[in-house]
Amino acid sequence: MVFRKPPDGGWGWVIVVVSFFTQFLCYGSPLAVGVLYLEWLDAFGEGKGKTAWVGSLANGIGLLASPVCSICVSSFGARPVAIFSGFMVAGGLMMSSFAPNIYFLYVSYGIVVGLGCGLLYTATVTITCQYFDKRRGLALGLISTGSSVGLFIYAALQRELIELYGLDGCLLIVGALSLNILACGSLMRPLESSHSPPPEKTCGDKVPDQYFVYHEKEKTVEENISILEKGYIDEKCVNSVPDCKQDSISNKNILSSINVNEKDTYKKKVVEQTNFCKQLAKRKWQLYLTYWKETVVLFKNKVFSALFVAILLFDIGGFPPSLLMEDVARSANINEDDYYMPLISIIGIMTTVGKLILGILADFKWVNTLYLYVTTLLMTGVALFAIPFAKSYLTLAMLSGILGFLTGNWSIFPYVTTKTVGIEKLTHAYGILMFFAGLGNSLGPPIVGWFYDWTQEYDTAFYFSGFCVLLGGFLLLLAALPCWNACTSQSPKLPPNTYSYKVASSA
């Protein structure tokens, strides 16, 4: 497939709009799952740790499966994947309304909806990058705010729908809204050259054709031999019955020698095909070995190793507030009349602001993005430590806004990764980091919930969360301060044949 030059406009702006609404529709409910979390606690009567697995799977499974999502988009294209994933998200939400127990929700909401969101994120990012080059940063920034706006609106929307139609009706309506993803996906027109020449067959494609040709040739030769042999024998038998048997034997010997020559040629081609398959398998094995060698080289970079630990600990400690903040307010016995806005909505709108402001700061030459990222980690840890001391809606709202703003550091994380490993190793390193980010997203809320089940209060849980984030921030700071220049300028070079793949990132 031959792609035209990215137009940096035109239909690309339609792609930006539909990608924005795609992320809005698919990530709105999973990111605002804290509202549903309260209802599931009351409906199924399970522990907070076990119930928190539903939301954590929905947000983490897409990152864990990011390599698979990338392969699907690369193989089938963004538009088919977006349409198929729209059915997954809508179907998972609707099935969740009929959930008889929490284990059913693990599959319907956690895995089906989460995997659909991961596929949609990869599809929107891929199609946007195809349409934009010079304005790619602006386009990606615009579509990434769709998830944050979805969090802001869906938090209030789901609460209203629960009051009007109950939990089951809310999930059915939200699932029906998600069907609009199909319309958005149908507008993701691939950027292909209409007059591109058909791709030439590779050696791997030609070998089966050759095998087919020789197989048919052998079959044709055998059929012709049978016909000639039969006709010759019949003719001889009519003219001279005594000599029929002798001529038949001699004719069979001659024709059998012809058949042997054809079979020898066919066997040679089979041997050639076998050798080609062996060489292909050897080349694939060398590719896998190169990939793992590159991974080992990446972890020799001290800053990258510290960044891997920091992102894992940050998601373990920093993600739970967006899921559990509503339950924190209920545990603090805050009067519902004091609620001016859901706390999750505050987190969502401030995350959008944080993405934009931190992204703008990262573009200034005098700002070191690594130190900026470390600052957000340390401030997040301090804010998490302050949650147990918040006993009113106002203080919880302020902390929610601070945590939401700092969570916007996702917008500068690609900058930090590029600064650490270089642009040529970005896709490889980013894929590894996003996998562990998904692992942290999946483990964080259940761990905090288990702490509550053990202690019957959230104080210890958020002390643990704050400690995790602070530990990751300090490790990254220690790795960056003494050898920042050395690690970036003297990092070992990778082999020339670099193996890379596209990955999905967090919303």
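## Overall picture

About 24500 Å² of this protein is exposed, and carbon and sulfur atoms supply 65% of that area. Keep in mind that you're looking at a predicted model.

The protein has 507 residues, and 49% of them count as buried. Its secondary structure is a helix affair: 18 helices and zero strands. As for how the chain packs against itself, take the contacts with a separation of 6 or more: 85% of them come from residues 24 or more positions apart.

## A buried spot: Thr128

Look for Thr128 in helix α6, which covers residues 102–131. Is Thr128 buried or exposed? With a relative accessibility of 0%, Thr128 is buried, because the cut-off for that label is under 20%.

Which residues does Thr128 touch, once neighbours within four places in sequence are set aside? The list is Ile15, Ser19, Ala139, Leu140 and Ile143.

## A nonpolar patch on the surface

Now for the outside. Leu164, Tyr165, Ile173 and Leu177 make a nonpolar surface patch of about 380 Å². One of these residues, Ile173, lies in helix α7, which runs over residues 136–178.

Why can Ile173 be part of a patch while being called partly exposed? Its relative accessible area is 31%. Patch residues need over 30%, so Ile173 passes that cut-off. The label "exposed" asks for over 50%, and buried means under 20%, so Ile173 falls in between and is called partly exposed.

Note on methods: Residues are numbered from 1 along each chain as its sequence is written. This is a predicted model: local features need pLDDT of at least 70, side-chain atom pairs count only at pLDDT 80 or more; totals for chains, interfaces and linings use all residues. Side-chain values use heavy atoms; hydrogens and water are left out. Patches are made of residues with over 30% relative accessible area and no salt bridge: like charges are joined within 9 Å, nonpolar side chains (Val, Leu, Ile, Met, Phe, Trp, Tyr) within 5 Å. Accessible areas come from the Shrake-Rupley method with a 1.4 Å probe; for residues, only the protein chains shown count as cover. A salt bridge is a side-chain nitrogen of Lys or Arg within 4 Å of a carboxyl oxygen of Asp or Glu. Helices (H or I, at least four residues) and strands (E, at least two) are DSSP runs, numbered from the N terminus. Buried means under 20% relative accessible area, exposed over 50%, partly exposed in between (1.4 Å probe, protein chains only). Contact means heavy atoms within 4.5 Å.
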